[in-house]
There are 2 protein chains.
Amino acid sequence: MTHEIDLNLKLWVVLSRTYHAVAAHAQADVARHGLTVAEFGILEALHHKGPMLLGEVQRKILVSSGGISYLVDRLESKGLVERRECPEDRRARYVALTPEGEALIRRIFPEHARRLAHALSGLDEDEKREAIRLLRALGKRAAELEADDAPRRAAGTSSP
Amino acid sequence: MTHEIDLNLKLWVVLSRTYHAVAAHAQADVARHGLTVAEFGILEALHHKGPMLLGEVQRKILVSSGGISYLVDRLESKGLVERRECPEDRRARYVALTPEGEALIRRIFPEHARRLAHALSGLDEDEKREAIRLLRALGKRAAELEADDAPRRAAGTSSP
DNA sequence: GCTGAAAATCTAAGTGATAAGATAACTACG
DNA sequence: CGTAGTTATCTTATCACTTAGATTTTCAGC
């Protein structure tokens, strides 16, 4: 069934192109403040949820275990977040916004949302809802399958 | 209207997560053959369209001008593609599959399509069509806007 | 035909991540 | 308790690109 193969391939291509087109806007916006999309995601998550464990943030923004250390290092060196000890588990650490980080995310978030809305203006409100529904179903399945046969994104497995 | 902001933000987050979940499958598959997704994209484009100018391939797979040189270098050193002169424009060069490249893409493409179909099995056929339609509209608009206010992806602008 | 701007590719240096493995701490079970 | 296995983070090396700018060629207008 070449017919179905084409459909899948087309979906993958258009998903990829659309993601990159939108990501370019998000990226261009946060770059104005010297941030990457991943860094912005961390600040936003902390702003929204308060202090989180490194591992929680990692799963939230989907980076590798080394990646989250690296990103938090960078944000820490910019004075935007700080690490805190976790009394219940001394392996783990919290990340929390500093006052500077809190101020920054408060300041830049509204404009970011505005630009995002602009970048996403190709669909009306109902279409957005439908797109969210379809993308959710697609992503959910893909993520489930990943757990089975694709390389894991976490770390720290030691054998013998 | 926090209500609309949330919708846009949600769409962006789910687009990003879904893209990454699906991309992980594509990546895991081509990695088995020592290729990146971008390299596979080049081979596939050449297989489908025959020899292309570097710039055409660049626009097709959405990398920077430096990136396409780098990628073609790598594929060339693997013996999968070759550069050819362009008689009509001596600045430009064609990229073409070598017999080895042709053989490789023929060999791995069907399995790639099969795995992609598996990764995309969260939607039925009609939903895929609808998703393609929505993503097209979204991506088209985002790409148009990019041309106005976001950093360009091309190269070679020299000023005084 | 010149001349200056624009286009196609390439090169060099830099960057945001990833992967693999190390370290340290927790947990469960005999 | 002690030991094996698991979990959380960090470190080091590497990588797949990007950005900026250099080079060569084309083209438009004079």
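Good morning. I begin with the largest nonpolar core, which has 40 residues; among these, Leu11(A), Trp12(A), Leu15(A), Leu11(B), Trp12(B) and Leu15(B) touch the most other members. Two or more residues of this core come from each of α1 (2-31) and α6 (125-149) of chain A, and from each of α1 (2-31) and α6 (125-149) of chain B. Please bear in mind throughout that this is a predicted model. As a general point, nonpolar side chains in soluble globular proteins tend to be buried together.

Let me take one of these core residues in more detail. Which residues does Trp12(A) contact, once its neighbours within four places in sequence are set aside? They are Tyr19(B), Val22(B), Ala23(B), Ala26(B), Val37(B), Leu116(B) and Leu120(B).

That brings me to the interface itself. Chain A contributes 60 residues to the contact, and chain B contributes 60 residues. Between them the two chains bury about 5800 Å², with 73% of that area on carbon and sulfur atoms. On the side of chain A, the residues that lose the most area to chain B are Leu7(A), Trp12(A) and Tyr19(A), which together account for 12% of what that side buries. Trp12(A) thus appears both in the core list and in this one.

I turn now to the polar side of the interface. There are 12 residue pairs in polar contact between chain A and chain B, counting pairs with both residues at pLDDT 80 or more. On the side of chain A that touches chain B, two or more residues come from each of α1, α2 (37-49), α3, α5 (99-119) and α6 of chain A. The element that gives the most is α1(A), with 23 residues. Sorted by class, that side has 34 nonpolar, 10 polar and 16 charged residues.

How many salt bridges cross between chain A and chain B? There are two. Glu127(A) forms a salt bridge with Arg133(B), and the closest N and O atoms are 3.6 Å apart. A further link between the chains involves His25(B), whose side chain reaches the backbone oxygen of Ala142(A) at 2.8 Å. His25(B) is located in helix α1 of chain B and counts as buried, at 10% relative accessibility.

Over all chains, the salt bridges number 30. I shall show three that lie within a chain. In chain B, Arg115(B) and Asp29(B) meet in a salt bridge at 3.6 Å, N to O. Because Arg115(B) lies in helix α5 (residues 99-119) and Asp29(B) in helix α1, this pair ties together parts of chain B that are 86 residues apart in sequence. Is each partner buried or exposed? Arg115(B) is partly exposed, with a relative accessible area of 31%, whereas Asp29(B) is buried, at 2%.

The second is the pair Glu144(B) and Lys140(B), at 3.3 Å, N to O. These residues are four apart in helix α6 of chain B, so about one helical turn separates them. Glu144(B) is partly exposed at 40% relative accessibility, and Lys140(B) is exposed at 55%. In chain A, salt bridges with shared partners join Asp29(A), Arg32(A), Glu111(A), Arg114(A) and Arg115(A) into one network.

The third is the pair Arg83(A) and Glu76(A), at 2.5 Å, N to O. Arg83(A) is partly exposed, at 22% relative accessibility, and Glu76(A) is partly exposed, at 31%.

Finally, a point of backbone geometry. Leu62(A) has a phi near 60 degrees, a positive value in a residue other than glycine. Leu62(A) is placed in the loop between α3 (54-61) and α4 (65-77) of chain A. In chain B, phi of Leu62(B) is also near 60 degrees. Thank you.

Conventions: Residues numbered from 1 in each chain as written. Chains lettered and ligands numbered in written order. Predicted model: local features only at pLDDT ≥ 70, side-chain atom pairs only at ≥ 80, totals over all residues. Heavy atoms only, no water. Core = buried A, V, L, I, M, F, W, Y, C linked by side-chain atoms within 4.5 Å. Buried < 20%, exposed > 50% of the residue type's maximum accessible area, 1.4 Å probe, protein only. Contact = heavy atoms within 4.5 Å. Buried area = accessible area lost by both parts, 1.4 Å probe. Salt bridge = Lys/Arg side-chain N within 4 Å of Asp/Glu carboxyl O. Polar contact = N/O pair within 3.5 Å; in protein donor to acceptor, adjacent residues only side chain to side chain. Nonpolar A, V, L, I, M, F, W, Y, C, P; charged D, E, K, R; others polar.
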